[in-house]
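Please open the model in your viewer and keep the selection tool at hand, for this tour moves from one selection to the next and pauses at each stop.

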Amino acid sequence: KVKMQEQLQKLHDDVQEQLRNVEERAQQQRNAAKEAAEANVRARDSKLEELRDELQRQLKATELEMNAAAATRPDMVEVERKLEEVRKLSTKERCAICFDDCASL
């Protein structure tokens with residue numbers, strides 16, 4: 001009877017050791033998965049930061065191009081004034097489409 005109890009105790013101890021080993025491996029796997037996920041998040045964040053920086057550079061370049069284009073654009077008030085001067089100098093003709101008297105430019 002004592003020998004059987006010793007064998008049962010040994011079996012119990014072996015099972016407990018196996019359970020501890022399984023739990024330890026499971027914890028290592030969870031830790032590895034967590035580290036891999038964190039590495040993926042860091043890589044994704046890094047890529048997003050690079051994209052954000054590139055978009056900001058492109059936006060700044062576009063803004064500079066728009067400002068340069070706007071600087072060379074003629075003043076609309078002046079264009080309108082000159083257009084009115086030309087309209088006053090033009091002759092009036094009857095339009096074949098709307099039959100109104102329209103300025104002939």
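Before selecting anything, take one definition along: a residue is called buried when its relative accessible area is under 20%, exposed when that area is over 50%, and partly exposed in between. Keep in mind, too, that what you have on the screen is a predicted model.

**The whole chain**

Begin by showing the protein chain as a cartoon, where you can find 2 helices and 2 strands, which follow one another from the N terminus in the order α-α-β-β. The radius of gyration of the protein chain is 42 Å, well over the 13 Å that the globule rule gives for 105 residues, and therefore the chain is more spread out than a compact globule. If you turn the C-alpha trace to look along its principal axes in turn, you will meet spans of about 130 × 35 × 15 Å.

Now switch on the surface, which comes to about 9,900 Å² of accessible area for the protein chain, with 57% of it belonging to carbon and sulfur atoms. How many of the 105 residues count as buried, as a percentage? The share is 2%. Colouring the charged residues brings up 20 positive and 23 negative charges, and the mean positions of these two groups are 4 Å apart.

**Helix H1**

Select residues 2-72, which make up helix H1, and look within this helix for Val15. With a relative accessible area of 37%, Val15 is partly exposed. Add Met4, Leu8, Leu11 and Leu19 to the selection, since together with Val15 they make a nonpolar surface patch of about 500 Å².

Move on to Glu23 and Arg30, which are joined by a salt bridge whose closest N and O atoms are 2.9 Å apart. Both ends of this pair can be examined on the surface: Glu23 is partly exposed at 44% relative accessible area, and Arg30 is partly exposed as well, at 42%. This pair is one of the 7 salt bridges that the structure holds.

Next select Arg52, which also has its place in helix H1 and which is partly exposed, with a relative accessible area of 45%. Use the distance tool from the C-alpha atom of Arg52 to that of Thr72: the two residues are 20 apart in sequence, and the tool should give 30 Å in space.

**Helix H2**

Which residue forms a salt bridge with Glu78? The partner is Arg81, and the closest N and O atoms of the two are 2.2 Å apart. Because Glu78 and Arg81 are 3 residues apart in helix H2 (residues 76-89), they are separated by about one helical turn. Glu78 is partly exposed, with a relative accessible area of 29%, while Arg81 is partly exposed at 39%.

Keep Arg81 selected and add Glu85, which forms a salt bridge with Arg81 in which the closest N and O atoms are 2.2 Å apart. Glu85 and Arg81 both lie in helix H2, 4 residues apart, which is about one turn of the helix. Is Glu85 buried, partly exposed or exposed? Its relative accessibility is 39%, and so Glu85 counts as partly exposed, a value that lies between the two limits given at the start. Through salt bridges that share partners, Glu78, Arg81 and Glu85 are joined into one network.

Before leaving helix H2, select Val79, which has its place there and counts as partly exposed at 37% relative accessibility. A line drawn from the C-alpha atom of Val79 to that of Ala32 covers 70 Å in space, for two residues that are 47 apart in sequence.

**The strands and the loop**

For the last stop, select strand S1 (91-94) and strand S2 (101-104), and then go to the loop between them, where Cys98 is found. Cys98 has a relative accessibility of 38%, and so it counts as partly exposed. How far apart are the C-alpha atoms of Cys98 and Ala36, which are 62 residues apart along the chain? Draw the line in your viewer, and you will find these C-alpha atoms separated by 74 Å.

Conventions: Residues are numbered from 1 along each chain as its sequence is written. This is a predicted model: local features need pLDDT of at least 70, side-chain atom pairs count only at pLDDT 80 or more; totals for chains, interfaces and linings use all residues. Side-chain values use heavy atoms; hydrogens and water are left out. Patches are made of residues with over 30% relative accessible area and no salt bridge: like charges are joined within 9 Å, nonpolar side chains (Val, Leu, Ile, Met, Phe, Trp, Tyr) within 5 Å. Accessible areas come from the Shrake-Rupley method with a 1.4 Å probe; for residues, only the protein chains shown count as cover. A salt bridge is a side-chain nitrogen of Lys or Arg within 4 Å of a carboxyl oxygen of Asp or Glu. Buried means under 20% relative accessible area, exposed over 50%, partly exposed in between (1.4 Å probe, protein chains only). The radius of gyration is taken over C-alpha atoms; the globule rule is 2.2 Å times the number of residues to the power 0.38. Lys and Arg count as positive and Asp and Glu as negative; His and the chain ends are not counted. The place of a charge is taken as NZ of Lys, CZ of Arg, CG of Asp or CD of Glu.
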